[in-house]
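I opened my notebook to look up how two helices pack and what lines a pocket. Here is the structure I worked from.

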Amino acid sequence: MGDQRGTTHACGSDICIHAPEVPGHAASLWCLCVRTACSTQKARRDFSRVLELKPEHKSAASELALTEQVEGLLAGVRARFEAGGSLDGIGDQLQQVFDLAQDCTEAQLLDARLALANEDWDQVIALTGRLLKGEPSSLPALVMRGKGYFYAGDDDLAKRHFGEALKYDPDYQDAREAFNKVRAAVVGLRARGCAMRWERLKTHPGYQDAQSVE
């Protein structure tokens with residue numbers, strides 16, 4: 001199919017809804033593109049419509065099966081995160097998704113979430129950066145990238161990303177909580193810094209001399 005990444009946005013349009021009116025091979029390509037971008041519900045619907053018109057359409061039947069496989073893999077990864085506990089092997093599960101759906105946004109978000117759990121801040125920042133290039137308003141990506149910067153020690157960039165998420169949705173709870181956490185941390189650091197400077201000042205000879213004069 002060529003470079004599927006380059007056609008993700010086109011495939012995300014409503015053109016795939018009309019796939020049954022497109023000649024069989026072209027219909028499969030359009031729906032395949034939707035599947036690789038991980039719009040699985042849309043792909044499943046469109047493949048099913050192709051099969052309603054042409055039950056013998058082998059590639060549509062094959063792609064429908066692969067779409068359902070992607071959905072199953074994603075559901076399994078989501079369940080692992082929700083259950084807590086060990087995340088061993090999740091990277092391999094996500095790779096299976098990428099092998100079938102290379103532009104899957106949900107898989108990329110889960111991959112960034114895995115990097116966050118593994119405290120790989122640079123990887124979190126890199127993965128979410130790629131996501132945001134294609135979808136600048138992705139709230140989960142903005143929040144995860146902000147967390148990556150926060151734990152990497154860049155409070156300013158962390159606040160900027162949390163604030164950007166809140167611009168898109170002022171009621172987005174994850175962004176609000178993260179923004180408040182960073183703000184509280186910055187205030188706390190400044191307070192501790194002032195206290196440390198004050199303690200150092202009290203040990204300075206000039207301060208001792210001033211006290212003796214009083």
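**Helix packing**

I looked up helix 8 (residues 139-152) and helix 9 (residues 155-168), helices being DSSP runs of H or I with at least four residues, numbered from the N terminus, and noted that they pack at an angle of about 165 degrees with their axes 7 Å apart. Axes here are lines fitted to C-alpha atoms over the stretch in contact, and angles run from 0 to 180 degrees between N-to-C directions. Helix 8 and helix 9 are therefore roughly antiparallel to each other, a label for angles over 145 degrees. I listed the contact residues (heavy atoms within 4.5 Å), among them Leu 139, Leu 142 and Val 143 of helix 8 and Asp 155, Leu 157 and Ala 158 of helix 9. By class, I recorded 10 nonpolar, two polar and four charged residues in this contact, where Ala, Val, Leu, Ile, Met, Phe, Trp, Tyr, Cys and Pro count as nonpolar, Asp, Glu, Lys and Arg as charged, and the others, Gly among them, as polar.

**Source note**

This is a predicted model, in which local features need pLDDT of at least 70 and side-chain atom pairs count only at pLDDT 80 or more, while totals for chains, interfaces and linings use all residues. Residues are numbered from 1 along each chain as its sequence is written, and side-chain values use heavy atoms, with hydrogens and water left out.

**Pocket lining**

I then turned to the second largest pocket, an open set of points on a 1 Å grid with protein on both sides within 12 Å along at least five of seven lines, where a 1.4 Å probe fits and lining residues have an atom within 4 Å of a point. Its lining includes Glu 106, Leu 109, Pro 140 and Val 143, and helix 6 gives the largest share, five residues.

Key
Helices (H or I, at least four residues) and strands (E, at least two) are DSSP runs, numbered from the N terminus. Angles under 35 degrees count as roughly parallel, over 145 as roughly antiparallel, 65 to 115 as roughly perpendicular and the rest as oblique.
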